[in-house]
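User: Please take a close look at one hairpin in this structure and the sheet around it. I should then like a connected account of how that part sits within the rest of the assembly.

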Amino acid sequence: MSDALLLRAEGICKQFPGVQALDEVNFDLRAGEVHVLLGENGAGKSTLMKILAGAYQPDSGKIFMNGNEIAFHTPRQAQLAGIAIIYQEFNLVPYMNVAQNIFLGRFPKRYGLFLDHKKMQADAKKLLKSLYLDLDTTAFTFSLGTGQQQMVEVAKALSVESRVLIMDEPTASLTETEIEHLFMIIRELKKRGIGVIYISHRLQEVHEIGDRVTVLRDGKLIGTKDVKDVEIPDLVKMMVGRNVDKMFERTYQPRGEEALRVENLGCGKKLKDVCMTLHCGEIVGLAGLVGAGRTELAHAIFGVDPVDSGKVFVFGKEVYPSSPAQMVQAGVSLLPEDRKNQGLCLILPTSENMVMASLKKLFPKFMVNNRKEKTVVMDYIQDLRIATPSPKRIVQFLSGGTQQKVVLAKWLCTEAKIFIFDEPTRGIDVGAKAEIHGFMNELVKNGAAVLMISSELPEVLGMSDRIYVMREGQIIKELSCEEATQEKIIGFAMGGDSAQRDTSPVFGKEVTHA
Amino acid sequence: MLEKKKLINGNETKTWLIAPFKSFPPVTWVVLAIFIIFSVTSSGFFTVNNMISIVRQGSFLWMLATAATIVLLSEALDLSLGSIMTFSGVVAALMLKSGFSAPLALIGGILVGVISGTITGFMVSKLKMPSFIASLGMLSVVGGLALALAKANQVLVTDATFLFLGGGDILGIPMPIFIALAVFIFTYFMLNHTAFGRYIIAIGGNQAGARLSGLDVEKFRWLVFVFSGTVAAIAGVVLIGRLQTADPIVGMRWEFDAVAASILGGTSTKKGKGGITGTIIGVLLIVVMRNGLNIFSFPALNITSVPAVWQTFVVGSAILIAIVFDILVRNRGKIS
Amino acid sequence: MNVIAQTVKKVRLNIDIRMLNSLSRVLILVMLSLGMSLLSPVFLTSRNIVNIITTASIPAILAIAQTIVILTANIDLSIGSIFAIAGVTTGVLLKGGNIPAPYAVLAGLAMGASLGFINGLLVAVIKLPPFIATYGVSFTAYGLASGILKGYVIYGFPDAFRFIGNGKFYGIPMAIILAGIVIFLMWLLLTRTTFGRRVFALGANAEAARMSGIDTKGVLILVYVLSGFIAAFAGVVQIARINAADVELGTTLLQPTIAAVVIGGTSMYGGEGGVWGTVVGALTMGIIQNALILLGVPTLWQQFILGLFIIVAVLADQAVRRLTGRRSN
């Protein structure tokens, strides 16, 4: 590892509507090093990488490659400059073989027209061999396992003679052996002087493969250190150490009857043997990293995706989650993570969105009573302080916070007893955030049960009675609100120290805050 | 030669000769079954004459289906194929009638397909119209032009070249099949041995990924339609030679058969899955069905023929059933 | 000044874009009429106008059927054939089977609904692309109709039955009245019932609709059944009107219905539009067809012109959507 700087970014700022994604971030990469990038969900890692890869443009700041200042306006330009990025969602063409995927757009040709299959196969094989891989280069990529697809992506990146390789959570879906293999390849790349920017959530990997590590938090650079100078607890502290100055309005209730119980829920690779309970009067937080399976769990419970195994009990009665319609009938509701595509019909008016889930309840006689609709809708607009000039306003034009309130109104209208909130305050301004927290509090005060999926640790800590931490499709740990701390949650979510599942219940303690 | 082509494109294709036998779409058995049923029941079916007739009839559908398959592979749809086939024939016939020489008429007819495909491709790639609607519109435009120009009458074709191309044969084998074969070989080559062919699959399989790899997705989408239009036009100019007239309504709805044949042959409407070799089976199914029904007779049950009027019904339902069957088999248990 | 600017902006934003959309469609109609009245002296006569409306009535009913399907972001290419086979079924029963008119009509309607049901199953459950599914059913229905008729044309229905298509009620042709009833009922269904809400939700965002507890599969199947039913109704009225049942009835009617729906402002992406827009669209198509005749354009060119219209309508529609920042693909 030399000291030559391959890449240097200075003072990078990037703002998205409502949020400062990056704030004066500096970052550099040396030739032949693995530079790990750490941070919670939303810390800005992905944004920084996309800027380096040419997918986004920074609002301000400079980027230097080998000492020369550069500016990428398209991903292609970054590619040509030698920066390759491997996203989590692969960009392989399923019904084309490995070699063709690797050389897509750069096929070797004979006489300028005909594909030179032999050369392509040979070159592909050679490339893979240099990565210690022995794949069947004639196989279609859809038939490969995720780990193998990952390798093909790496090979593809290398085929363009990249000097910088950005890997976004490369080990997320790999087996242990595949991870070892990947590391072997990375070490080989280092020898060739290639610099690797490595985003990961697995803290142990920092010491396994990293040379330096940078931690981002809330869009700011917290620090860059040599890996040998830090320990995991230090890293965790850097990642989460923020002042919890936001107040969360919670009045804790005595726990009521069991509203929801999930037993041994399994769904392919995404959910394994999940067990949890939810009681009336409590807000249960569901923490974990992106991809840990939280949304998958919510979707499984709500009947959006089919489950392979397990049972769901609503107020003691077993209900098979065959479809959302089924679960809505049972009194369950889901405010989805993807508000715009799953929670709302953007081109329809506010009022129609609000009554969409309760059509049968409000209008049992099949005919829509406009007056009744208007009354109901106006009531919710008032109660929830929904900022819209008229109930007929198309929701597309409402702000994020207001949209979320409309979704909430929709479910309140169904008189559901169980509410699953998936990232309820993501992308919402502070004022609306507080309001929504207030509503959640009201809900449980009135006897509802709330399951809250959130990636914002302060929110999880401030709002929850109990917290489940998920990792890799399982519930790893249950914490009471007293014993939970940000460090603990992150620790469990990333598997830093305890890799085993701890299922000791937290029920013993009665929550008696005022 | 056969050896070299092996293992080029992965699990699917060895050589085009062996391919259908290595990757049977489920309906292959249906084809065989129907073939056997017809041979056993109808006396006129399993004769050399009839086989030749099947081959001749099937050539045209084969050409259209090949074009349809290519379009499907890019995750698009071209509904104007039948109309282009008709219109190109009309134009060629009219050119002949106006005194143009055969080669010029051929070029003129094929040019029709090129232009039509260019327009459709433009609408889809630059104007971002869904291919379904764009080609549906072109179906009316081109079909309507054909109708108008031929003045709802059939234009007789008497030119020797055309008659040979469409109705003649070499060593007893009908000319159209050679042309269809040539189209197939060209398309096979294009699909598997040129960058363009691979780009088509890439665009259909993972458009985002294709774009990230630097492909000009718009340009290639456009070219796909130019290709399909041209092939349809080739079929059209040969067809008028066979029918000896340019019938403005003959090609109606052929695009349905063409797409159905592709789907039956294993090409999916999504993800760039499939290929033109499987389409051959699909074409066979449809052609054998139509032909068989036409001359169907089952003396044992006292059936002497299937009235022409019922054939559409039977074929239509049969194709639907075959596609449903095909989808169910492929997605065993995945339909919720 | 700032206050004024803000108010203006507010007012502008408050004008429902959907209203703007509808208004522009009517504007097209008005401009067309004005243009035509200049081009041909005969155009604005009451006789011609009644003629236009009467002739456009039955295609309008068909267009309504198509509207419902398109509202869910799907399409029904079989309505022409269902139109035909319903007429054939009723005709055959009336004439050949001497079955009383009410039952014959019911049979025709049932035929349409059943075919619609098949469409619904294919699209909603088997998830066939609507193009393939409805095209296939279209073939099948057409073939069935051909098979039943065996090339003959049935004609000569009892007078009582013929009244449905041909009679006048207080001076207004039955075709217009029946079309009006269908329009009214469907408008009611789509805008004032929970089913209608579900249809719009499905078209606007099928996934969000599903996650709001709507049985999207069931709604879609019903939509196709309804479309088949209405198409069948149109077919029955048609044979009453022309006193003959013939297999070629519906073949040329499919394209104009799509054009009518698109011109009328219903979005092919679903969730937007409705019955009244289609009425405007159907009238527009009626005027265009009338114009073609009045201007002496040979019938042979009509399909061509229709095709142009579909393309132009969709293009214009897309342009408008992009300008107003709405959803387009």
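Analyst: In the hairpin formed by E13(A) and E14(A), three residues lie between the strands, and A:Gly268 takes a positive phi near 55°. This is a predicted model, and the account below starts from that turn and moves outward. The two arms of the hairpin are strand E13, residues 258-267, and strand E14, residues 271-279, of chain A; they run antiparallel and are joined by six bridges. Along this pairing, A:Leu265 stands opposite A:Val274 in E14(A). A:Leu260 of the hairpin likewise faces A:Leu278 in E14(A).

E13(A) also has a partner in strand E16 (residues 309-314) of chain A, with which it pairs in the antiparallel sense over five bridges. Here the bridge partner of A:Leu260 is A:Val314 in E16(A). A:Leu260 therefore has a partner in E14(A), namely A:Leu278, as well as one in E16(A), namely A:Val314.The hairpin belongs to an open sheet of four strands in chain A, ordered E14-E13-E16-E17, with antiparallel pairing. Its edge strands are E14 and strand E17 (317-318) of chain A, each of which pairs on one side only. In general, strands of a sheet pair through backbone hydrogen bonds, either parallel or antiparallel.

Chain A also contains an open sheet of six strands, in the order E18-E19-E20-E15-E21-E22, and its pairing is mixed. Strand E18 (332-335) and strand E22 (474-480) of chain A stand at the edges with a single partner strand each, so one side of each has no neighbour in the sheet. From one strand to the next, the twist of this sheet averages 20°. Strand E21 (residues 466-471) of chain A pairs with E22(A) in the antiparallel sense, over six bridges. Within that pairing, A:Tyr468 stands opposite A:Glu478 in E22(A).

A helix lies across this sheet. Helix H16 (residues 430-445) of chain A crosses strand E15 (283-288), strand E19 (418-422) and strand E20 (449-453) of chain A, and runs at about 145° to E20(A). The contacts of A:Val450 may be read alongside this arrangement. Leaving aside neighbours within four places in sequence, A:Val450 is in contact with A:Ile283, A:Phe419, A:Phe421, A:Met440, A:Leu443 and A:Val444.

A:Val450 is also one of the residues that touch the most other members of the largest nonpolar core, which has 383 residues; the others are A:Ile166, B:Leu61, B:Leu64, B:Leu285 and C:Ile61. The largest share of this core, 17 residues, comes from helix H11 (residues 216-242) of chain C.

Another residue of chain A may be examined in the same way. A:Val355 lies in helix H12 (residues 350-355) of chain A. Why is A:Val355 classed as buried? A:Val355 has 25 other C-beta atoms within 10 Å, and a residue counts as buried when 20 or more lie within that distance. Not counting residues up to four places away in sequence, A:Val355 touches A:Leu362, A:Glu373, A:Val376 and A:Cys413. A:Val355 and A:Leu412 are 57 residues apart in sequence, while their C-alpha atoms are 9.7 Å apart in space.

The contact between chains A and B takes 22 residues from chain A and 24 residues from chain B. Helix H2 (75-81) and strand E8 (114-115) of chain A each supply at least two residues of the side that touches chain B. By class, this side of chain A has 14 nonpolar, seven polar and one charged residues.

Chain B itself has 15 helices and four strands. Of its 336 residues, 56% are buried. Among contacts in chain B between residues at least 6 apart in sequence, 77% join residues at least 24 apart.

Chain B is also in contact with chain C, through 36 residues of chain B and 34 residues of chain C. Helix H6 (130-149) and helix H14 (302-323) of chain C each supply at least two residues of the side of chain C that touches chain B. The largest share of that side, twelve residues, comes from H6(C). By class, the side of chain C that touches chain B has 22 nonpolar, eleven polar and one charged residues.

Chain C offers one further local feature. Helix H3 (residues 46-71) of chain C bends by about 40° at C:Ser57, and a proline, C:Pro59, follows within four residues. Just after H3(C), C:Ala73 takes a positive phi of about 70°.

How values were computed:
Residues are numbered from 1 along each chain as its sequence is written. Chains are lettered from A and ligands numbered from 1 in the order in which they are written. This is a predicted model: local features need pLDDT of at least 70, side-chain atom pairs count only at pLDDT 80 or more; totals for chains, interfaces and linings use all residues. Two residues are in contact if their C-beta atoms, placed from the backbone, lie within 7 Å. Ala, Val, Leu, Ile, Met, Phe, Trp, Tyr, Cys and Pro count as nonpolar, Asp, Glu, Lys and Arg as charged, and the others, Gly among them, as polar. A residue is buried if 20 or more other C-beta atoms lie within 10 Å of its own, exposed if 12 or fewer, and partly exposed in between; C-beta atoms are placed from the backbone. The bend at a residue is the angle between axes fitted to the seven residues ending there and the seven starting there. A nonpolar core is a set of buried Ala, Val, Leu, Ile, Met, Phe, Trp, Tyr and Cys residues joined through C-beta atoms within 7 Å. Two strands pair if DSSP finds at least two bridges between them. Axes are lines fitted to C-alpha atoms, for helices over the stretch in contact, and angles run from 0 to 180 degrees between N-to-C directions.
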